[in-house]
Amino acid sequence: MNETSINPGSSAGTRLFGDHFVQALQPQERALIERLRELTRSHFGPNAAEVARQDVFAWDTFRLLAREGIVATAFPTAYGGSDARQALRIRIIEELGRVCSTSASMITGTDLSSRAIVAGASDALKQSLLPGLCSGELQAAFALTEPGAGSDVRGLKTTMRSSGDGYLLNGRKKFITRATTADWFVVVGRAEEEASTFIAVLVPRDAKGFTISPEVGKLGWFGVPISTLTFDNVQVPASHRLGAEGQGFALAQDALLRARIGHAAMALGRAIGAVEIAAAYATDRSTFGKTLGEHQGVQWMLADMVTQIEASRALLALTADKYDRGDADVAIFASMAKLQATDLCMKVVTDALQLTGGRGYLQDFPLERFFRDAKLNQIGEGASEVHKTVIGRDLVRRAATAERNPCLRPGSLVDY
Ligand SMILES: Cc1cc2nc3c(=O)[nH]c(=O)nc-3n(C[C@H](O)[C@H](O)[C@H](O)COP(=O)(O)OP(=O)(O)OC[C@H]3O[C@@H](n4cnc5c(N)ncnc54)[C@H](O)[C@@H]3O)c2cc1C
């Protein structure tokens, strides 16, 4: 009963959104979430606006996440990580997304930039890099997108020509997060000799012929800058190749899959935060002789938000379980969860801002930041339209051989 009651003025009281998903975690996992909640109250929440205002790489945030073992959740135990289940990681990212997109994106960004190294690097490279990536002493960036290849990323033009014991790398990469702070770059290109062969390699930031542009300004997601990369005859040893030749895309897909699940969790966290703020405003503010929350129109807006958020959380929890079990259809579920959660977040944040009137529009009020941050979740790691295409194409393909509804007569429906 108390799960749905508002606790005005409390900083550590009963939450507006129920704890059902957290209660399903193991005791150790729950303890991590409790610790993270303390940190959102003491650090990530109160500092989020200032982190965004400064808009430089948020080192304090990153170091705290690393010190607390949150960054390490993305890495195998053999290299210093805690190899957390996705069932836990979506809760971590949701908690952070509820207050601060910068910190949440540092966790999804760790998956994006490091998973290809975990999956594809030689043991020697893993030994030398993964402990530092776990502890936050090292950082990696993931370079896939190009000026001519974003949604249609298989159209990428970066080439790798066989040269001595390795490759000569040429091309440009765009919108690359953490480029100004990363020590190592996962770069995906195609073999110059065989265009259908994708190759992923690791490039150190000081490689000869490799340049990183100044940071590029953007609408939101402040505190995690992006840049453009240029590779001009950059020599990469074969020992820095990730996986076999031809596996470059498969490695990228696993990193993107985890990052998509993370985007969905971040969007849901932000949507939850927006409802918390709008509901508090509806409690404190009165118009026309009653509190905003007593107007039926406002109750209906809040009801739509909370109902859809809980439905979306359930889809994401199912997707995380599928990832943890290794189910074959996890990629389609990740597309559904990301599509649903990120589009929902944009709507919830827009409606929450509407409910808070002029205050919602002020820079001094958190919803302005939530509103700007929400947009990127609908674009990064595959735009909503691309995920719709993936989901729809899969459904149509399966429909050809799926069991037909028993209400139908056998045979072609054309003959009905
Ligand atoms: C802040 C930020 C950080 C990023 N970080 C990284 C990073 O670290 N590494 C990296 O490699 N990339 C990164 N990206 C790139 C990101 O993944 C791409 O922006 C995204 O994949 C979309 O590609 P695009 O921007 O080229 O859009 P386009 O490919 O130009 O698409 C534009 C729009 O067209 C529509 N569209 C596209 N295809 C279809 C279709 N088939 N059907 C219907 N509609 C369609 C969609 O609405 C889409 O948003 C980042 C981007 C941003 C903005």
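**Exercise 1. Describe the setting of Pro131: how accessible is the residue, and what does Pro131 contact?**

Step 1. Pro131 has a relative accessible area of 35%, so the residue counts as partly exposed (buried is under 20% relative accessible area, exposed is over 50%, and partly exposed lies in between, with a 1.4 Å probe and protein chains only).

Step 2. The structure is a predicted model, in which local features need pLDDT of at least 70 and side-chain atom pairs count only at pLDDT 80 or more, while totals for chains, interfaces and linings use all residues. Residues are numbered from 1 along each chain as its sequence is written, and side-chain values use heavy atoms, with hydrogens and water left out.

Step 3. Helix H6, residues 123-135, contains Pro131 (helices are DSSP runs of H or I with at least four residues, strands are runs of E with at least two, and both are numbered from the N terminus).

Step 4. When neighbours within four places in sequence are set aside, Pro131 is in contact with Tyr79 and Lys126 (contact means heavy atoms within 4.5 Å). For Pro131 and Ser103, the separation is 28 residues in sequence and 21 Å in space, taken from C-alpha to C-alpha.

**Exercise 2. Describe helix H2: where does the helix bend, and which helices do its buried residues pack against?**

Step 1. H2 spans residues 27-54 and bends by about 55° at Thr40 (the bend at a residue is the angle between axes fitted to the seven residues ending there and the seven starting there).

Step 2. Thr40 is itself one of the buried residues of H2, a list that also includes Glu29, Leu36, Arg37, Phe44 and Val51.

Step 3. The partners of the buried residues in H2 are H1 (20-23), H3 (59-67), H4 (86-97), H5 (101-120) and H11 (366-377).

Step 4. Just after H2 comes Asp55, with a positive phi of about 45°.

**Exercise 3. Describe H3 in the manner of H2: which of its residues are buried, and what follows the helix?**

Step 1. The buried residues in H3 are Thr61, Phe62, Leu64, Leu65 and Ala66.

Step 2. These buried residues pack against H2, H4, H5 and H6.

Step 3. Gly69 follows H3 and has a positive phi, near 80°.

**Exercise 4. How many salt bridges are there, and how exposed are the partners in three of the pairs?**

Step 1. The count is 23 salt bridges (a salt bridge is a side-chain nitrogen of Lys or Arg within 4 Å of a carboxyl oxygen of Asp or Glu).

Step 2. Glu50 and Arg53 form one of them, at 2.8 Å from N to O. The two residues are three apart in helix H2 and therefore separated by about one helical turn. An α-helix has 3.6 residues a turn, so residues three or four places apart point the same way. Glu50 is partly exposed, at 34% relative accessibility, whereas Arg53 is exposed, at 59%.

Step 3. Lys322 pairs with Asp329, the closest N and O atoms being 3.0 Å apart. Here Lys322 is buried, at 10% relative accessibility, and Asp329 is partly exposed, at 32%.

Step 4. Arg325 pairs with Asp327, with 2.9 Å between the closest N and O atoms. Asp327 is partly exposed, at 22% relative accessibility, and Arg325 is exposed, at 55%. Elsewhere, salt bridges with shared partners link Arg15, Asp19, Glu34, Arg37 and Glu95 in one network.

**Exercise 5. How many disulfides are found, and is Cys345 buried or exposed?**

Step 1. The count of disulfides is zero (a disulfide is a pair of cysteine sulfur atoms within 2.5 Å).

Step 2. For Cys345, the nearest cysteine sulfur belongs to Cys100 and is 14 Å away.

Step 3. Cys345 is buried, with a relative accessible area of 0%. Cys134 is also buried, at 4% relative accessibility.

**Exercise 6. How many cavities of 30 Å³ or more are found, and which helix gives the most to the lining of the largest?**

Step 1. A search of the whole structure finds three cavities of 30 Å³ or more (on a 1 Å grid over the protein atoms alone, a cavity is a set of points where a 1.4 Å probe fits but cannot get out, and lining residues have an atom within 4 Å of a point).

Step 2. The largest cavity has a volume of about 110 Å³ (the space filled by probe spheres set on the points, which are joined across faces, edges and corners).

Step 3. This cavity is lined by 13 residues, and those closest to its centre are Arg15, Arg37, Glu94, Glu95 and Arg313.

Step 4. H1 and H4 each supply at least two lining residues, and H4 gives the most, with three.

Methods
On a 1 Å grid over the protein atoms alone, a cavity is a set of points where a 1.4 Å probe fits but cannot get out, and a pocket is an open set with protein on both sides within 12 Å along at least five of seven lines; lining residues have an atom within 4 Å of a point.
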